[in-house]
Amino acid sequence: MNIERLFLIVIGNLFVTNFVLARFLGLCPFVGVSRRTSDALGMGLAVTFVMAMASLLTHTIDTYILKPQAPLLVWIAGAESQIARDGLEAVLRTLVYILTIASFVQLVEMFLKKNVPALYRALGIYLPLITTNCAVLGVALLNTPDDPAEMLTLPEAVIQGTFAGLGFTLVMLLMSGIRERIERLDLPAPMRGMPIAFVCTGLMALAFLGFTGMV
Amino acid sequence: MDIRELTKGLFRQNPLFVIVLGVCPSLATSGSLETALAMGIAATFVCVGSNVFISLIRNVVPGGVRIACYIVVISTFVTVTDLFLKAYFPDISRTIGIFIPLIVVNCIMLGRAEAFASKNTVMNSLLDGVGMGCGFTLALLLLGFIRELSGSGKLMGYTVLPGYNPMTVMISPPGAFLLLGLLLGFFNWMQLRKAAAK
């Protein structure tokens, strides 16, 4: 495992290509749940967990089932067959990934409800929202690009998922701090709520633009 | 069949500027007019296709698994769009990148499926899909027009403002957020003014 490459993934996902501010992923929960710091932290941590696990699951599925010459395809149809040569990636990737993520989130929700009710009450309301958070599907797709040369290894994928999630949490926390103060300002009526939130995000993105070129 | 289902998506219930759905793809693809148009057409196709199909199966699907069924339908149309773009417009497909597959988790698609197509006739769902898709495309074109013109002095890749000193920030992410915030404020202001006039 290449430590330098891992370090680049960590710094890159936290600051340089931050999922919210540079890649435009996960904006719905970012503006929707960033009114209070406690909500922002809960949502951020829940998203981080799901992103790390989704990276693990989708990367494994891609390697063993969907890729050209994937073990399962070879085992079922033989190495010479059309299906093993082309793989199922092109046609089934989006569908399989979103179903994997949706079922995983559902499982976590049921597990927490039964076994850790306190955590379920704290995170429960965020969990259903995570399935349609494009950051989760986004990181799964970014981990397994079309070009085999750019494909991440499994540990790299999980680290990318974790730190992209932490980057999301960081920006959520910063934003909730700003918004708690904005609430008390006397803004012109049309700018209240969403519009001023996006303007502040823009200013924050401008600050994060300073990290460009670091990686 | 009600023609108002078509027109509501364009302005009164515009998905991006009024309901504020689909923010991620619209900011990511509005850096130039060309990608904005491609994204708009792709989203419209998926919205119309999934709306019609979901409306067709609305009486067959059991309530408990309906969301999963909608996701399967939507992702089928997304895959068709993705493969079509990769085959015929590889450059655009590379620029838009993961945002074509990400139409699956776009709140507009699932929102229309759940709120409209699952309760209405096929014809009305078709009109609703076309209206919402075109409303989203219009919003994207407005963003793309302002960002490309102010950020590079070009439109569709052609220089229209020779000698213009471009505000490069408008093409980069901060410009996208700022512009969306200001536009949302502008549309809020128009609505408030109309409400006050009544």
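Count two residues as in contact when their C-beta atoms, placed from the backbone, lie within 7 Å. On that basis, in this predicted model, 32 residues of chain B are in contact with 32 residues of chain A.

Let's start with chain B's half of that interface. The elements giving two or more residues to it are H2, H4, H6 and H8 of chain B. H8(B) gives the most, with 12 residues. As for chemistry, the side of chain B that touches chain A has 26 nonpolar residues, six polar ones and no charged ones.

Now for a helix pair inside chain A. H3(A), residues 37–66, packs against H10(A), residues 154–182, with the axes 8 Å apart and an angle of about 165°. An angle over 145 degrees counts as roughly antiparallel, so that is what H3(A) is to H10(A). Their crossing is right-handed.

Here is the make-up of the two sets of residues:

| Set of residues | Nonpolar | Polar | Charged |
|---|---|---|---|
| Side of chain B that touches chain A | 26 residues | six residues | no residues |
| Contact of H3(A) with H10(A) | 18 residues | 12 residues | one residue |

What do the buried residues of H11(A) pack against? In chain A they meet H1, H2 and H10, and they also pack against H8 of chain B. The buried residues of H11(A) include Pro195(A), Ile196(A), Phe198(A), Val199(A), Gly202(A) and Phe208(A).

The length of H11(A) checks out too: at 1.5 Å a residue, its 15 residues (194–208) should span 21 Å, and the end C-alpha atoms are 21 Å apart, which agrees.

Conventions:
Residues numbered from 1 in each chain as written. Chains lettered and ligands numbered in written order. Predicted model: local features only at pLDDT ≥ 70, side-chain atom pairs only at ≥ 80, totals over all residues. Helix = DSSP H or I, 4+ residues; strand = E, 2+ residues; numbered from the N terminus. Nonpolar A, V, L, I, M, F, W, Y, C, P; charged D, E, K, R; others polar. Axes fitted to C-alpha atoms, helices over the stretch in contact; angles between N-to-C directions. Parallel < 35°, antiparallel > 145°, perpendicular 65-115°, else oblique. Left-handed = near helix turned anticlockwise from the far one by under 90°. Expected span 1.5 Å × (residues − 1). Buried ≥ 20, exposed ≤ 12 C-beta atoms within 10 Å, placed from the backbone.
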